[in-house]
Amino acid sequence: MHELSIAESLIKIIGEEMAKHGLTKLHSFKIVYGQISAIVPEALETSFEILTIDTPFAGAKMETEVKPMVVRCRQCGHEFSPSLEERVIMPCPQCTTELGHKIISGRELYIDNIEAE
């Protein structure tokens, strides 16, 4: 369960940002993660809740957004989102090339915004 270490990193990053701006109480924050980043949002939220008991972060609301996997065809350059069944062999809907596409999005993980006082 790598969500625990991700939650620890989020707490550190959010804490540093809050300190920069003289903020002491976290209300909410939004995490954006890619569809193929292997994040389980429920596990991440539970990890965050456990790690923030009796801290200024306790009770903060975590919002999540999933970015779809998008690839660029190595042959024709067409960008598309393969279905779950097509994630290993991804036929391009434009030219039917199946392998070697470049992943454009779907692996990201970042904090989109923080609301604190």
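His2 sits in the segment just before α1 (3–20). The structure is a predicted model, and that holds for everything that follows. In its unreviewed entry, UniProt lists His2 under "binding site", an annotation that may be inferred rather than shown by experiment. In the model, His2 comes out as partly exposed, with a relative accessibility of 35%. Once neighbours within four places in sequence are set aside, the contacts of His2 are with Ser37, Ala38 and Ile39.

Moving along the chain, α2 (41–51) has a buried side and an exposed one. Its buried residues are Ala43, Leu44, Ser47 and Phe48. These four residues lie on the same side of α2, because the arc they cover around the axis is only 135 degrees. The general geometry of helices fits with this: an α-helix has 3.6 residues a turn, so residues three or four places apart point the same way. As for what lies over the buried residues of α2, the cover includes α1, β1 (26–34) and β2. On the other side of α2, Glu42 and Ile50 are exposed.

Two residues stand out for their backbone angles. Asp54 has a positive phi, at about 60 degrees, despite not being a glycine. Its place is the loop that runs between α2 and β2 (61–67). Asp54 is exposed there, and its relative accessible area is 77%. Thr96, also not a glycine, has a positive phi of about 70 degrees. The loop between β4 (79–80) and β5 (102–105) is where Thr96 is found. With a relative accessible area of 57%, Thr96 too is exposed.

That leaves the cysteines. Searching the whole structure for disulfides turns up zero. Cys73 is in no disulfide, and the nearest cysteine sulfur to its own, that of Cys95, is 3.6 Å away. Why does the sulfur of Cys95 make no bond with the closest cysteine sulfur, in Cys73? A disulfide is a covalent bond between the sulfur atoms of two cysteines, and the cut-off used here asks for the two sulfurs to be within 2.5 Å. At 3.6 Å, the sulfurs of Cys95 and Cys73 are therefore too far apart for a bond. The surroundings of the two cysteines can be set out as well: Cys73 is buried, at 3% relative accessibility, whereas Cys95 is partly exposed, at 28%.

Methods. Residues numbered from 1 in each chain as written. Predicted model: local features only at pLDDT ≥ 70, side-chain atom pairs only at ≥ 80, totals over all residues. Heavy atoms only, no water. Buried < 20%, exposed > 50% of the residue type's maximum accessible area, 1.4 Å probe, protein only. Contact = heavy atoms within 4.5 Å. Arc of directions from axis to C-beta.
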